[in-house]
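Visitor: Could you take me through a close look at one part of this model, the loops with unusual backbone geometry? I would enjoy a connected account.

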Amino acid sequence: MDNLVKVAVDAMGGDYAPAEPVKGAVDALAASENIYVFLVGKKDLLEQELSKYTYPKERLAVVHAPEVIETAEPPVNAIRTKKDSSIVTGLSMVRKGEADAFVSSGSTGAVLVGGQVLVGRVKGVERSPLAPVIPTVKGVSLLIDCGANVDARPSHLVQFARMGSIYMEYVMGVKNPRVAIVNIGAEEEKGNALVKGTFPLLKECKDINFIGSIEARDIPYGYADVIVCEAFVGNVILKLYEGVGGALISLVKQGMMTSARSKIGGLLVKPALKETMKSFDVTEYGGAPLLGLKGLVVKTHGSSRAIEIRNSILQCIQFKSQDISGKIREKLEQAKVQEEKEGEEETV
C-alpha cells in the first residue's frame with residue numbers, strides 16, 4: 001500500500017451523493033492500479049452502494065463519517081462544529097498523512113476553509129487559489145484563481161502565477177508555460193487597480209514566462225497556458241465558459257433535428273462532432289486543485305457525475321509523483337531569496 005496514491009473521497013458531497021462518488025471511485029480503481037481509495041461518509045449507505053459493483057476490495061476502504069456539511073451552512077462554523085463530517089474527516093486524513101489527497105464535490109466554502117485550516121498552507125504561500133484546467137482549441141489552460149480569494153492583492157496574483165506555472169509544467173507537461181493576466185485590453189496601462197498593480201510585478205519575475213494581458217475572448221483560443229486573475233473574475237469566466245459550451249451543444253443538437261436533410265448530415269458528422277465536443281467537456285479534466293497546501297485538495301463541481309470524480313481521483317497520481325507541494329515551496333523560497341538579494345543591491 002505504501003507505493004499507492006491514497007485518495008480520500010467525500011462520498012457524501014454533491015448533488016448525486018453517494019451514488020456518483022462511489023461509482024467514480026470504483027471506476028478510478030479500474031482505470032489505475034496505482035490508486036487506493038478511502039470512501040468517507042455514512043458507512044451503511046456506502047456499503048449499500050458498493051454492493052452494486054465488483055472492485056478490488058484490497059484497494060478500497062470505507063471510513064465512517066456520520067455527519068454531512070450542507071452547501072448552505074456557514075463554512076467556518078461547519079468546520080468547527082461538524083468534526084465527524086465527511087469533509088473534516090477526509091481533510092484530517094490528509095493532514096495526518098493517512099491520505100495523499102482529498103477529493104470532494106461538497107460545500108465549496110467548507111472545502112476551502114478546511115483545506116487551509118486543517119491541511120495548512122505551504123510555508124511562504126499567502127493565499128491558496130482554486131485552479132481548474134479549462135479546454136481550449138490548443139489543448140488546456142489553467143485558470144487561477146476561480147473562486148477562493150475574491151479580495152486578492154498583487155502579491156497574491158504573483159504567487160498564483162508561480163504556482164500555476166509549476167502545475168502546468170509538471171502535471172500537464174507544458175514546458176515553459178505562457179502566463180497572462182486577465183485584462184480588458186492588451187495595453188499595459190489598462191485595467192483596474194489590482195491589474196495595474198500586478199502587471200509590473202509579473203514583468204519583473206524572471207522565473208515565469210509572462211506574456212502580458214489576455215482578454216476573455218482570447219482564452220478559448222489557447223493564447224496562454226496560465227490565466228491569472230482574482231477569484232471573482234475567474235469564477236465569472238468559468239461559469240460563462242461552462243454555460244456557453246452547454247448552450248452551443250444544445251443548439252447544435254436542435255439544428256441537426258430540424259429537417260430530414262439535417263438529420264442525415266448530422267449522422268455523417270456525428271463521430272467527428274462527438275470527439276470535438278468531448279475535448280471541450282470540462283468533466284474530462286477532473287476537478288480544481290487548491291494549490292499551495294501541504295497536501296492535495298481537489299474540488300469538483302457540486303453537480304459532478306462519476307466521470308468527473310473518477311478523473312479527479314486519477315489526477316492525484318501525477319500531483320504526488322511530481323511532488324507539486326514541494327516544488328511550490330522550493331520556488332517560493334527561491335523567489336524570496338532573489339527578491340531580498342535585489343533589494344540589498346538597490347540599497348547599495
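Guide: Asparagine 176 sits in the loop between helix 6 and strand 7 (178-182), where helices (H or I, at least four residues) and strands (E, at least two) are DSSP runs numbered from the N terminus. Its phi is positive, about 50°, although asparagine 176 is not a glycine. The side of this residue open to view is easy to state: asparagine 176 is exposed, with a relative accessible area of 55%. Here buried means under 20% relative accessible area, exposed over 50%, and partly exposed in between (1.4 Å probe, protein chains only).

This is a predicted model, in which local features need pLDDT of at least 70, side-chain atom pairs count only at pLDDT 80 or more, and totals for chains, interfaces and linings use all residues. Residues are numbered from 1 along each chain as its sequence is written, and side-chain values use heavy atoms, with hydrogens and water left out.

Aspartate 323, also not a glycine, has a positive phi near 50°. Aspartate 323 belongs to the loop between helix 10 (306-321) and helix 11 (324-347), and is partly exposed, at a relative accessible area of 43%.

Now to the cis peptide bonds. One joins isoleucine 144 and aspartate 145, with omega about 20°; aspartate 145 is placed in the loop between strand 6 (139-144) and helix 6 (154-170). Another runs from alanine 17 to proline 18, with omega near 0°, and proline 18 is found in the loop between strand 1 and helix 1 (19-31).
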